[in-house]
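Please walk through the packing of this protein with the structure open beside the text. The account goes from an aromatic contact to the cores, and then to the enclosed spaces.

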Amino acid sequence: MHVLESLSMTDIPAQDEALRDEVRTFLREALKDVPAHIRARSWSGYSPEFSRKLGERGWIGVTLPKAYGGAGRSAFTRYVLVEEFLNSGAPVGSHWIADRQSAPLVLRYGTEAQKQKYIPPICRGESAFCIGMSEPGSGSDLASVRTKAEKNASGWLLNGQKIWTTNAHHCQYMIALVRTSGRTQDRKNGLSQIIVDLSLPGVTIRPITDLSGDSHFCEVFFQDVQLDDDALIGEEGQGWEQVNAELAFERSGPERLFSSIVLFDEWLAYVRTPQGHTASAQRLAGKVLARLAPLRAMSVALTGRLAQGESPVVEAALVKDMGTTLEQFIPAAIADDIYSRTDQNIPLELLQTLNYTSHVAPSFSLRGGTRDILRGMIARGLGLR
């Protein structure tokens, strides 16, 4: 089947849709005093307290087996939860990566001991993970990573550097893609994934301040970090296969559609007022929704594929590329609309939300794979290169 024919219209099952009302009720109360410019951070926002509240409700790790603290429900259950969290601007960053990628990766490739150790605290909202992929000089070219883990009598000796590591300074663990054999020139051969306890001696974490003033990106340095034997996850030398399966989870979810949605809703509320309504603003709202609807349908279809145990890497890259393009279009288009209104007083909260989203928007097409890398993957999937 051609890659463009592999996604079909998919409905979220009724039992999962039924969860929305309960989630919305909870979020309305939990976020009632949080202004839009703070909620706009959403999956970059960091609140361990909020994550633990979600864990108490069983809303983290919902797709994971009950034996490890999960709920044993489908990927569609998680989709509904994530969609509601993002649309409300909930601060889910402290558990986000662990729930989305780390726990499913450990479940799929980890030993029984690793599953018992790492997954239950994730489901309780108590354990935070970060992703160790990008490196200086490598960026999205993951096959060129130089960080090395060398086998020794005590386990693995880790040396190297990672960059753009979200919330590393708040996390207990990192799952890192490293070279365990061969040379950088060997590309994907000889790569493995390891779990790094970030409290170990030799680990240095330096937050990076971005254009918005936040500091959730980090540099992470490893200097003679001694890891135990059980730090290796999966098979040695199979890191390339494993990390690509992991990226399918990262690139296909609602977070690739809704990073600007709090701003859009704040602007839409203004446009619905007599003062804010204009014909051009109404057309812009329709244009955004007309692009968002088919992208959401594609994202739901991808969730169906993931629920069947598939790894739709190319399709996920397509949704991520198109989704982040829309996410970046929204603040730019809203800015054009707002700053063309020379005779109106624009609500301060809307301006603050626009300011934050505009500053952070350039990162949307970087995180999870740059646009050029993704389009190269898509072209190969289509047989164009």
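**Packing and enclosed space**

Phe-217 is buried, with a relative accessible area of 14%. The model in view is a predicted one, and the values quoted here are computed from it. The ring of Phe-217 pairs with that of Trp-164 in an edge-to-face arrangement, with 5.8 Å from centre to centre and 75° between the planes. A pair of aromatic rings is described by these two quantities, the distance of the centres and the angle of the planes. Phe-217 belongs to strand E7 (residues 217–227), while Trp-164 sits in the loop between strand E3 (155–162) and strand E4 (173–179), so the pair ties together parts that are 53 residues apart in sequence. The structure holds 8 aromatic pairs. Elsewhere, Phe-26, Phe-50 and Trp-59 make up one aromatic cluster.

Is Trp-164 buried, partly exposed or exposed? With a relative accessible area of 47%, Trp-164 is partly exposed, because exposed requires over 50%. The backbone at Trp-164 also deserves a look: phi is positive, about 60°, although the residue is not a glycine. Asn-167 lies in the loop between E3 and E4, and it too is a residue other than glycine with a positive phi, near 60°. Asn-167 counts as buried, at 4% relative accessibility. A further positive phi, of about 75°, is found at Gly-383, just after helix H13.

The next topic is the nonpolar interior. The largest nonpolar core has 63 residues, and Phe-85 and Trp-267 are those with the most contacts inside it. Which elements give two or more residues to this core? They are helix H2 (20–30), helix H4 (48–56), helix H5 (75–88), helix H9 (261–271), helix H10 (279–307), helix H11 (313–339), helix H12 (348–360) and helix H13 (371–381). H11 supplies the largest share, 10 residues. In H13, the buried residues are Leu-374, Gly-376, Met-377, Ile-378 and Ala-379.

Phe-85 can be followed in detail. Leaving out residues up to four places away in sequence, Phe-85 touches Val-23, Leu-27, Ser-42, Leu-54, Trp-59, Ala-90 and Val-92. Apart from the largest core there is a second, separate one of 21 residues, which includes Met-174, Val-178, Val-196 and Val-220.

Tyr-118 is a useful stop on the way. It is found in helix H7 (residues 112–123) and is buried, with a relative accessible area of 6%. Once neighbours within four places in sequence are set aside, Tyr-118 is in contact with Phe-129, Tyr-173 and Ile-195. Between Tyr-118 and Asn-87 there are 29 Å in space, C-alpha to C-alpha, for a separation of 31 residues in sequence.

What remains is the space that the atoms leave empty. Rolling a probe the size of a water molecule over the atoms shows where such space is left. How many cavities of 30 Å³ or more does the structure hold? There are 2. The largest has a volume of about 110 Å³. Of the 14 residues in its lining, Ala-40, Arg-41, Ser-42, Trp-43 and Ser-259 are the closest to the centre. H9 and H12 are the elements that give two or more residues to this lining. By class, the lining of the largest cavity consists of 9 nonpolar, 3 polar and 2 charged residues. Ser-42, one of the residues closest to the centre of this cavity, is also among the contacts of Phe-85.

The second largest cavity contains about 50 Å³ of space. Trp-59, Val-62, Arg-78, Leu-81, Val-82, Phe-85, His-95, Trp-96 and Asp-99 line it. Two elements, H5 and helix H6 (93–109), give two or more residues to this lining, and H5 gives the most, with 4 residues. The lining of the second largest cavity divides into 6 nonpolar residues, 1 polar and 2 charged. Phe-85 thus appears in this lining as well as among the residues with the most contacts inside the largest core. Trp-59 likewise lines the second largest cavity, touches Phe-85, and belongs to the aromatic cluster with Phe-26 and Phe-50.

Terms used: Residues are numbered from 1 along each chain as its sequence is written. This is a predicted model: local features need pLDDT of at least 70, side-chain atom pairs count only at pLDDT 80 or more; totals for chains, interfaces and linings use all residues. Side-chain values use heavy atoms; hydrogens and water are left out. A nonpolar core is a set of buried Ala, Val, Leu, Ile, Met, Phe, Trp, Tyr and Cys residues joined through side-chain atoms within 4.5 Å. Buried means under 20% relative accessible area, exposed over 50%, partly exposed in between (1.4 Å probe, protein chains only). Contact means heavy atoms within 4.5 Å. On a 1 Å grid over the protein atoms alone, a cavity is a set of points where a 1.4 Å probe fits but cannot get out, and a pocket is an open set with protein on both sides within 12 Å along at least five of seven lines; lining residues have an atom within 4 Å of a point. Grid points are joined across faces, edges and corners, and a volume is the space filled by probe spheres set on the points. Ala, Val, Leu, Ile, Met, Phe, Trp, Tyr, Cys and Pro count as nonpolar, Asp, Glu, Lys and Arg as charged, and the others, Gly among them, as polar. Rings of Phe, Tyr and Trp (its six-membered ring) pair if their centres lie within 6.5 Å; planes under 30 degrees apart count as stacked, over 60 as edge-to-face and the rest as tilted.
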